[in-house]
Amino acid sequence: MRIIAAQSPDPGQSIDLMSAPKFLDDADILARARLGDVDAFNRLVLDHERPVYSLAYRLLGNPDDAADATQDSFVNAYRAINGFRGEAIRPWLFRIAVRCCYDQLRRRKRRREDSLDADSEEVHWEPADPDPGPELGVLHSETGAAIERALQSLPLDQRTIVILCDVQGLSYEEAAEAADLELGTVKSRLSRARSRLRELLRARGELPGASDRLAEM
Amino acid sequence: MQELSNHLTDEQLSVYFDERLPANEQSLVDEHITACNACRLALHELEATVLSLRSLPEPSLPRSFLIREQPPVSILSRILSWDFGIRSLASVAAALFIVVLSIDLTAMNRPAGIVPLNAATQARPVSSASGPLPQPTAALQPTGAGAPAPVPAAARRQPEAATESAAPQATDSARLEALVTRDAGSSMANSLSALSPLTLTIGTVAVLLILVAVVRSVRQA
């Protein structure tokens with residue numbers, strides 16, 4: 001059976017909102033979704049679309065590509081959910097999302113090569129929303145923008161791990177599952193990414209708090 | 001317990017910050033951090049960096065990502081769809097072409113059909129390539145009053161062969177080459193003309209349909 005995006009224009013609103021009862025817990029919803037219940041699966045989408053989109057947006061640096069990758073992730077997740085045997089669904093969803101983002105980056109690279117504009121592999125970060133409202137003030141504050149730019153300047157493998165661990169808050173084990181890596185590789189990539197970010201932020205004068213705190217000691 | 005002599009590595013700092021070092025190593029690093037200003041500063045910078053990352057807000061969603069099932073497409077509408085139809089037609093035309101072509105080839109390979117196609121091309125090169133034949137010997141001449149012995153085919157060709165033997169060798173080779181080339185071309189033309197108009201028509205239609213299907217597939221890819 002073919003699965004397509006609902007394409008509801010407003011985030012958080014469903015088309016025939018979820019006939020699944022509200023009192024079902026995550027395990028019940030997951031069990032129903034495994035049986036192919038689209039409404040139950042859409043409950044999972046509502047719970048996880050923000051972090052998945054956030055991951056895709058920071059990996060791809062572009063809201064349109066991030067939206068496409070997020071939609072692909074949920075469609076692929078629905079098709080594969082019958083094979084999900086883990087306990088935590090978020091690392092599993094992130095794993096699918098990371099693959100979709102990498103596919104998106106490959107397509108973007110191919111498009112650039114086709115248009116003979118393959119001068120740089122650097123991701124050009126675009127703000128997700130030009131008018132994000134007060135709750136996203138940090139994103140567009142000077143420090144937030146500096147951190148976003150520093151993130152985008154990291155190599156893709158390091159960026160993936162630091163987003164999974166430090167932005168999304170996954171443990172080493174969950175990040176290893178999401179990025180399909182060994183635990184040791186996660187530790188070393190995360191330390192390299194953090195070190196590089198630290199240097200970048202220090203060079204831009206974005207870490208005054210650290211030296212102040214040291215002076216207090 | 002052994003004391004750390006050098007500064008901490010980036011990985012040690014990172015894993016220490018996450019409190020994932022083994023217990024014995026954790027206490028060593030604790031002692032080192034207390035004593036070493038440089039590593040303490042590095043740790044605080046790391047902490048500030050990670051806290052900045054954790055404080056990044058989630059970007060607002062541009063739209064909903066809910067999914068829905070699309071009703072299954074009926075077989076009739078699939079058949080009526082252009083792409084599916086063109087592929088089906090191309091397959092049917094190709095299969096039909098193979099059938100009528102094999103019927104035509106079977107008809108062409110009958111013994112009666114071989115003679116008119118190959119008779120002319122076989123006799124002439126053999127006589128030219130065999131070179132000048134020996135002059136008739138006395139043993140081959142009819143002698144006596146008895147019934148004349150049947151004359152072998154080679155002997156009947158002797159006068160023509162003898163005439164050709166007088167021509168220069170270079171002329172023979174050129175003629176042979178021209179003959180073979182002309183025969184190859186005419187053989188292809190003969191083969192095509194031997195096919196029935198129905199076969200040729202079906203073959204042309206099949207090739208056109210396959211080309212259209214391939215071009216559409218490439219464009220879609």
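In this predicted model, A69(A) sits in helix α3 of chain A, which spans residues 63–80. A69(A) has a relative accessibility of 1% and therefore counts as buried, the cut-off being under 20%. The C-alpha atom of A69(A) lies 6.8 Å from that of A97(A). Along the chain, the two residues are 28 positions apart. Neighbours up to four places away in sequence aside, A69(A) contacts A56(A), L60(A), C100(A), C101(A) and Q104(A).

One of these partners, A56(A), belongs to helix α2 of chain A. A56(A) is likewise assigned to the buried class, because its relative accessibility is 1%. Its C-alpha atom is 6.9 Å from that of A97(A), across a sequence separation of 41 residues. With residues up to four places away excluded, the contacts of A56(A) are G61(A), A66(A), A69(A), T70(A) and C101(A). C101(A) thus appears among the contacts of A69(A) and among those of A56(A). A97(A) also recurs, at 6.8 Å from A69(A) and at 6.9 Å from A56(A), C-alpha to C-alpha.

Helix packing in chain A was examined next. Two packed helices are described by the angle between their axes and the distance between the axes. Helix α2 of chain A covers residues 38–60, and helix α7 covers residues 156–167. Their axes come within 10 Å and cross at roughly 150°. The angle is over 145°, so α2(A) and α7(A) are roughly antiparallel. The crossing is right-handed. On the α2(A) side, the contact involves L55(A), R58(A) and L59(A). On the α7(A) side, the residues are L156(A), R159(A), T160(A), I163(A), L164(A) and V167(A). By class, this contact between α2(A) and α7(A) has six nonpolar residues, one polar residue and two charged residues.

A second pair is formed by helix α6 (residues 142–152) and helix α9 (residues 183–203), both of chain A. The axes of α6(A) and α9(A) come within 10 Å, with a crossing angle of roughly 135°. The two helices are therefore oblique to each other. α6(A) passes α9(A) in a right-handed crossing. From α6(A), the contact residues are A146(A), I147(A), A150(A) and L151(A). From α9(A), they are L197(A), L200(A) and L201(A). Seven of the contact residues are nonpolar, with no polar and no charged residue in the contact of α6(A) with α9(A). The contact of α2(A) with α7(A), by contrast, includes one polar and two charged residues.

The loop between α8 (172–179) and α9 of chain A holds D180(A). D180(A) has a positive phi of about 60°, although it is not a glycine.

In chain B, E19(B) also has a positive phi, of about 55°, and is not a glycine. E19(B) lies in the loop that links α1 (10–17) to α2 (23–35) of chain B. At 64% relative accessibility, E19(B) is over the 50% cut-off and therefore exposed.

S64(B) occupies another loop of chain B, between α3 (37–54) and β1 (67–69). S64(B) has a relative accessible area of 0% and is therefore buried. The side chain of S64(B) reaches the backbone nitrogen of L66(B) at 3.1 Å.

At chain level, the secondary structure of chain A consists of ten helices and one strand. Chain B likewise has ten helices and one strand. The order of elements along chain A is β-α-α-α-α-α-α-α-α-α-α. For chain B, the order from the N terminus is α-α-α-β-α-α-α-α-α-α-α. Chain A has 217 residues, of which 50% are buried. Chain B has 221 residues, of which 27% are buried. Contacts between residues at least 6 apart in sequence were also assessed for each chain. In chain A, 62% of these contacts join residues at least 24 apart. In chain B, 74% of them join residues 24 or more positions apart.

Methods. Residues are numbered from 1 along each chain as its sequence is written. Chains are lettered from A and ligands numbered from 1 in the order in which they are written. This is a predicted model: local features need pLDDT of at least 70, side-chain atom pairs count only at pLDDT 80 or more; totals for chains, interfaces and linings use all residues. Side-chain values use heavy atoms; hydrogens and water are left out. Axes are lines fitted to C-alpha atoms, for helices over the stretch in contact, and angles run from 0 to 180 degrees between N-to-C directions. Helices (H or I, at least four residues) and strands (E, at least two) are DSSP runs, numbered from the N terminus. Angles under 35 degrees count as roughly parallel, over 145 as roughly antiparallel, 65 to 115 as roughly perpendicular and the rest as oblique. A crossing is left-handed if the near helix is turned anticlockwise from the far one by less than a right angle, and right-handed if clockwise. Contact means heavy atoms within 4.5 Å. Ala, Val, Leu, Ile, Met, Phe, Trp, Tyr, Cys and Pro count as nonpolar, Asp, Glu, Lys and Arg as charged, and the others, Gly among them, as polar. Buried means under 20% relative accessible area, exposed over 50%, partly exposed in between (1.4 Å probe, protein chains only). A polar contact is a pair of N or O atoms within 3.5 Å; within protein, one must be able to donate a hydrogen and the other to accept it, and residues adjacent in sequence count only if both atoms are side-chain atoms.
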